[in-house]
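Colleague: I'd like to learn how to read the features of this model, starting with its charged side chains. Could you walk me through them?

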Amino acid sequence: MTASNRQAGLDRRFMAAALRLSRKHAGRTATNPSVGTLIVRDDGDGPMIVGAGVTAVGGRPHAETEALAEAGALARGATAYVTLEPCAHHGRTPPCANALVSAGVARVVGAASDPDPRVSGKGYAILRAAGVEVVEKVLAAEAAEQMAGYLIRSLRKRPEVILKLALSSDGKIGRQGGGQVSITGDVARREVYLMRAEADGILVGIGTALEDDPALTVRLPGLENRSPARIVLDRQIRLPEASKLVSGVDRVPLYVAACLEADPQRRTMLERAGVRFIGTETHEGGVALPELLEDLAALGMASVLVEGGAKVASAFLAEGLVDRIVLFQGSEAIGADGIASPIDADHIPAGFRKLRDMRFGEDSYAEWIRDI
C-alpha cells in the first residue's frame, strides 16, 4: 500500500470518528449544525487524538474551538478533522478558520462544504493562504446526510422534513376510531425515540392529536431532556386543554399552527396554558405547508419529524416537501378497518435513494433520502 493510500485510509477513519462525535448534540445546537472536530498528531508512534470537540448545546462554542482548547500546544503541526468547512465570518467569536491557523495546525481535512455564502469556500481559502494543507470532501456524502437539516435550511430556507410511518403487515398505520394502535415492538419504539432526540420538532395533525392523545416526547432513560418541540396542525384550535400535549407544555414547547380567524377564546385559553401559536395561511382547505415550514425555520428549526396521520403525510408528499422517509413495519395485521398508509416500501417517490434497512426482531426498518 502506498503512503498516499495509507493516508487516505487514515483520513476516512478519523473523519468517520468525527462524524460519530458530531451526533452527540444533534438537535441541541440551535441554528448552528452539530459539528465534530478531532485534532490528531503523529510523533512517530502512530496517530493519536489529542483534542476532540463538538458544537456546544445552544450552538456556541464551535467544535473547532473546543477541540483546540483540549489539544492545547499539541495542536501545532497536527491534523484537524472537521465535519463541516470551518467558518470564515466574524460573529460572536472569531472565525474558526483563523483559530486553526493561530493554533499552528498543519493540515485540515474537511467533509461537507458549507453553503452559507459567508463561509462557502472562504474558510478553506483562509487556511490555504496561511500555508495549511487542506483536503476536502472526505466522507462528504455521509456528512451531508447527517447535517441535512442545516444544509436544507441554508439552501431552501425551510427545515428538513423526515416522514416517519409505522405500518402493519397489511400496510395500515392505524385503526379507524381505535385510538393508538401498537404496530411495532419495544426495540423499534426506542429507535423512534432516538430519532426524536435528534430532531428539532415533531409534527402531527389535529386528527392524530385528538384520536391518540400522544405526548410526543422522548421516553428513554437519560434522554428525557432531549424531547424536541411539538407542532400540531390545528386550523380551528380544537386541541383540548386536558390533552397530554398541553399538560406537558411546561417541560417541552408546544406550537399550534392555527388560522388567525379561529376561535379567539380557545386561543386565549391555550396561550394561558403556555401553548405558542403560529398564524397559518390556508391552501385548499388545509394549512399552507411551505409557508409553515418557512416559519419553523425562522424559529430555528432545522429538522422536523412528521409523525402523525395519513392525511398529513399525504399532504407533505403531494407538496414535494419530504426529504427523508423512514418506514417501520410490524409483523401483525390490522385488518379491514385499518387506515391505509399513503406510502410503502414498494412505492417510494422518484428521486429518493435507499440508505439502509435492518430488523428489530420481527419488526423491519428502512430509510430513504432525497439528495440535497
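Modeller: Happy to. Glu 145, Glu 160, Arg 324, Arg 356 and Glu 367 are joined by salt bridges into a network. A salt bridge here is a side-chain nitrogen of Lys or Arg within 4 Å of a carboxyl oxygen of Asp or Glu. By this rule the count comes to 20 salt bridges.

Colleague: Before we go on, what should I keep in mind about the model itself?

Modeller: This is a predicted model, in which local features need pLDDT of at least 70 and side-chain atom pairs count only at pLDDT 80 or more, while totals for chains, interfaces and linings use all residues. Residues are numbered from 1 along each chain as its sequence is written, and side-chain values use heavy atoms, with hydrogens and water left out.

Colleague: Back to the network, then. What is the N to O distance in the salt bridge of Arg 356 and Glu 145?

Modeller: The side chains of Arg 356 and Glu 145 meet at 2.7 Å, N to O. This pair links distant parts of the chain, with Arg 356 in strand 17 and Glu 145 in helix 5 (residues 140–146), 211 residues apart. Helices (H or I, at least four residues) and strands (E, at least two) are DSSP runs, numbered from the N terminus.

Colleague: Is Glu 145 buried or exposed?

Modeller: Buried means under 20% relative accessible area, exposed means over 50%, and partly exposed lies in between (1.4 Å probe, protein chains only). Glu 145 counts as buried because its relative accessibility is 17%. Its partner Arg 356, with a relative accessible area of 31%, is partly exposed.

Colleague: Which salt bridge lies inside one helix?

Modeller: Look at Arg 189 and Asp 186, both in helix 7 (residues 186–197) and three residues apart, about one turn of the helix. Their side chains form a salt bridge at 2.6 Å, N to O. Arg 189 is partly exposed, at 30% relative accessible area.

Colleague: How do I read strand pairing, say for strand 17 and strand 18?

Modeller: Two strands pair if DSSP finds at least two bridges between them. Strand 17 (residues 352–360) and strand 18 (residues 363–370) are antiparallel, with eight bridges. They form a hairpin with two residues between the strands, where Gly 361 takes a positive phi near 65°. Arg 353 has Ile 369 of strand 18 as its bridge partner. Arg 353 also forms a salt bridge with Asp 371, the closest N and O atoms being 2.7 Å apart. That contact reaches from strand 17 to the segment after strand 18, across 18 residues. Arg 353 is partly exposed at 36% relative accessibility, and Asp 371 is partly exposed at 49%.

Colleague: Why is strand 1 described as largely enclosed by the rest of the structure?

Modeller: Six of the seven residues of strand 1 (residues 36–42) are buried, so the strand is largely enclosed by the rest of the structure. Strand 1 pairs in the antiparallel sense with strand 2 (residues 47–54) over seven bridges, and Gly 36 is partnered there by Val 54. The hairpin of strand 1 and strand 2 has four residues between them, and Gly 44 in the turn has a positive phi of about 110°. Strand 1 is also antiparallel to strand 3 (residues 79–84), over four bridges, with Val 40 opposite its bridge partner Thr 79.

Colleague: What should I look for in the backbone of the loops?

Modeller: Most residues other than glycine have a negative phi, and most peptide bonds are trans. Here, Lys 157 has a positive phi of about 60° although it is not a glycine. Lys 157 sits in the loop between helix 6 (148–156) and strand 6 (160–167), and is exposed at 55% relative accessibility. Leu 216 also has a positive phi of about 60°, in the loop between helix 8 (206–212) and strand 9 (229–233). Leu 216 is buried, with a relative accessible area of 5%.

Colleague: Which residues does a cis peptide bond join?

Modeller: Arg 60 and Pro 61 are joined by a cis peptide bond, with omega about -5°. Pro 61 is in the loop between strand 2 and helix 2 (63–71).
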